[in-house]
There are 2 protein chains.
Amino acid sequence: MKPGRMKPGPEFDRIRAFIAAVRTEAASVEIPPGDDAAVIRWPSDESVVLSSDAFVEGVHFKRAWLRWEAVGYRATAAALSDLAAMAARPAGVLVSLMVPPETEESMLVALGEGVGECLRRHETGLLGGDLAHSPSAVAIDVCAVGASRRPIGRGGASEGDEIWLTGAVGGAAAAVQAWGRSMEPDPRARAAFERPTARIAEAIWLGEHADLTALIDLSDGLAGDARQIAAASEARLRIDLDAVPLAPPLSEYASRDAALGLALAGGEDYELLLCCEEGSLETVQAEFERRFEIGLTKVGVVEEGEGATWTSASGARVPADLDGFDHFAPGRTE
Amino acid sequence: MKPGRMKPGPEFDRIRAFIAAVRTEAASVEIPPGDDAAVIRWPSDESVVLSSDAFVEGVHFKRAWLRWEAVGYRATAAALSDLAAMAARPAGVLVSLMVPPETEESMLVALGEGVGECLRRHETGLLGGDLAHSPSAVAIDVCAVGASRRPIGRGGASEGDEIWLTGAVGGAAAAVQAWGRSMEPDPRARAAFERPTARIAEAIWLGEHADLTALIDLSDGLAGDARQIAAASEARLRIDLDAVPLAPPLSEYASRDAALGLALAGGEDYELLLCCEEGSLETVQAEFERRFEIGLTKVGVVEEGEGATWTSASGARVPADLDGFDHFAPGRTE
């Protein structure tokens, strides 16, 4: 995208450098970044889908863990994942950067390259944003804008529905756990944290090929996000622990309980958890797996009640502190 | 707006408390805050207008200056002002809050009350957002979403156009200057900083009643924002210093140069600077001033060239460092 003409000056040089590094084109844009606001021509039959997601140094990541390209990529993917969770296609993102005054342009360029890599991978572009000072920590707030004819919320699951999961879970949490222990993560765990895929194409395809009743992306972890669907749908999610697909690094853990803890409580996998009418996904499961090269696994059923409940024929146990797990708990990623 | 059903837990109690304090209804919302994303039904004949604006503790404000209600109000008004700058009507905002772990719920409620007060005043509502930890400083990033049939950018001014300004300028800068000197600001200056009006109704009315060619809101100051129109329009803005209306506290300054410095370089007034075809505003000026109870003043003309140039029959001088003024310069509000 060619930025609009902005006046000279160091602030605008930095903005120009960031936009140039992002190097994307968003479709249907009437007025590109650089004016007071971005303007998008909107198709008449689609709703506007909007979500914002903040990624903060010292809370969600540490400088020692990630290169700035990865920070930009990861922040963007997390915001786009909220569009996937509604089965919406992205129309673009606004990126608000808060960086310390001493920040060098090369760091903004690296951030922009990561943002752009993620946007291109998900076939969307930069719409606008803000560049502001921060006293010390770097923060990135990404507002994702999407379009959908039939957005899918969390609140439609009911008794008898099946529960399915894309991909495998726990990879990102394994990386955070390794960093917390001052170890270098397994490369697959690092990749899961740094370069998650927002399951946008997958969600749209599933919405077109099955009768989805509820859909969420796993940002807070399988256990927490299952409870979100349960609360919004006023139903209980019964999930078979033995069926939950563990991310590759976890399958090698000596302790299955430790692996399950990461798989259930660890957030930021950005896989999709969905409910659908009984029998509506089995017929397309194989085609989905071929097309997207990830698994699609039935993990449970919806029943009357509330919350999430966990079963295991093999005697696997849910971590004791799972119910108390909360994304907002201080020191989570420390 | 009634938040969607979210699961129990301290994170969600905080989000619920914030949403309850905001207490607004955005029109046309299909899925309210609490799901993965907000969904708005969009009118077929309007474009989507989007802007984000970050407001950071220690950079844009200090805790000692403002109550949290004022922080919430001010952050929201600044974002809405970007919609005014496009002559767009607001459809709602997303608010990303970054707060330290020890933040009490009462502080989030106060912030929410300020956000809600501003949203109601501008007849719009909360669409969604994010609540994240920050290591220490509070940051609020507001993404404003608007709709417009004919958005007005910065780039259409040409030779012979007139330049007009709503209201008066320098009030917010007078407050920041007083705080910087450890003095209590004049109450009118404090109000200008704390409770600016996003000139949305004014901009839409002007767009309907005159042939506007360029429009911007004064967030960086008259001098800087005039240069933005000049850069985007590839023209020069010639502004008569003697015509620039000074905010009430400034008119009492003993030093006219000091007052002019604040009026030209001080940002965050959120008045509108606009260019229009010659003669197209004079006939409606009186009606505008009656209707909106603020001034509408012709301050200059557009000519060939670039940048901004300043004239004064009375010998008023532009502050020497004005060209170097930059919002991103470190320590600006210190």
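What follows walks through a predicted model of two chains, A and B, from the overall fold to a few local details.

Chain A is a good place to start. Its secondary structure amounts to 10 helices and 12 strands. The radius of gyration comes out at 20 Å, close to the 20 Å that the globule rule gives for 334 residues, so chain A is as compact as a globular protein of that length. Taken along the principal axes, the C-alpha atoms of chain A fill a box of roughly 65 × 50 × 35 Å. Of the 334 residues in chain A, 60% are buried. Contacts reach well along the sequence, too: among those in chain A with a separation of 6 or more, 86% join residues 24 or more positions apart.

Now for how the two copies sit together. A turn of 180 degrees, with a shift of 0.0 Å along the axis, lays chain B on chain A with an RMSD of 0.0 Å. The two copies are thus related as by a two-fold rotation axis. In chain B, the C-alpha nearest that axis belongs to B:Ser44, which lies 2.2 Å from it. Both copies use the same surface, with 100% of the contact residues of chain B recurring in chain A.

The contact itself draws 65 residues from chain B and 65 residues from chain A. On the chain B side, strand β3 (residues 47-56) supplies the largest share, nine residues. By residue type, the side of chain B that touches chain A splits into 33 nonpolar, 16 polar and 16 charged. Strand β3 of chain B also takes part in strand pairing across the two chains: strand β2 (residues 38-40) of chain A runs antiparallel to β3(B), and the two are joined over three bridges. Within this pairing, A:Val39 stands opposite B:Val49.

As for the interior, the largest nonpolar core has 243 residues, and A:Val93 and B:Val93 are the ones with the most contacts inside it. Leaving aside residues up to four places away in sequence, B:Val93 touches a string of residues from its own chain, including B:Thr76, B:Ala79, B:Leu119 and B:Thr124. Its list of partners also takes in B:Leu126 and B:Leu127, as well as the run B:Val142, B:Cys143, B:Ala144 and B:Val145.

Helix α9 (residues 256-265) of chain A is mostly covered, with seven of its 10 residues buried. The buried ones are A:Ala259, A:Leu260, A:Gly261, A:Leu262, A:Ala263, A:Leu264 and A:Ala265. These residues pack against three other helices of chain A, namely α4 (171-180), α7 (222-233) and α8 (248-251).

Two loop residues round off the picture with their backbone angles. Most residues other than glycine have a negative phi. A:Ala87, though, has a positive phi near 60 degrees. This alanine is found in the loop between α2 (68-84) and β4 (89-99) of chain A. A:Ala87 counts as buried because it has 28 C-beta neighbours inside 10 Å, against a cut-off of 20 or more. B:Glu268 has a positive phi as well, of about 70 degrees, although it is not a glycine. This glutamate is in the loop between α9 (256-265) and β10 (272-276) of chain B. With 25 other C-beta atoms within 10 Å, B:Glu268 is buried.

Note on methods
Residues are numbered from 1 along each chain as its sequence is written. Chains are lettered from A and ligands numbered from 1 in the order in which they are written. This is a predicted model: local features need pLDDT of at least 70, side-chain atom pairs count only at pLDDT 80 or more; totals for chains, interfaces and linings use all residues. Two residues are in contact if their C-beta atoms, placed from the backbone, lie within 7 Å. Helices (H or I, at least four residues) and strands (E, at least two) are DSSP runs, numbered from the N terminus. Ala, Val, Leu, Ile, Met, Phe, Trp, Tyr, Cys and Pro count as nonpolar, Asp, Glu, Lys and Arg as charged, and the others, Gly among them, as polar. Two strands pair if DSSP finds at least two bridges between them. Copies are superposed by least squares on the C-alpha atoms of residues with pLDDT of at least 70 in both. A nonpolar core is a set of buried Ala, Val, Leu, Ile, Met, Phe, Trp, Tyr and Cys residues joined through C-beta atoms within 7 Å. A residue is buried if 20 or more other C-beta atoms lie within 10 Å of its own, exposed if 12 or fewer, and partly exposed in between; C-beta atoms are placed from the backbone. The radius of gyration is taken over C-alpha atoms; the globule rule is 2.2 Å times the number of residues to the power 0.38.
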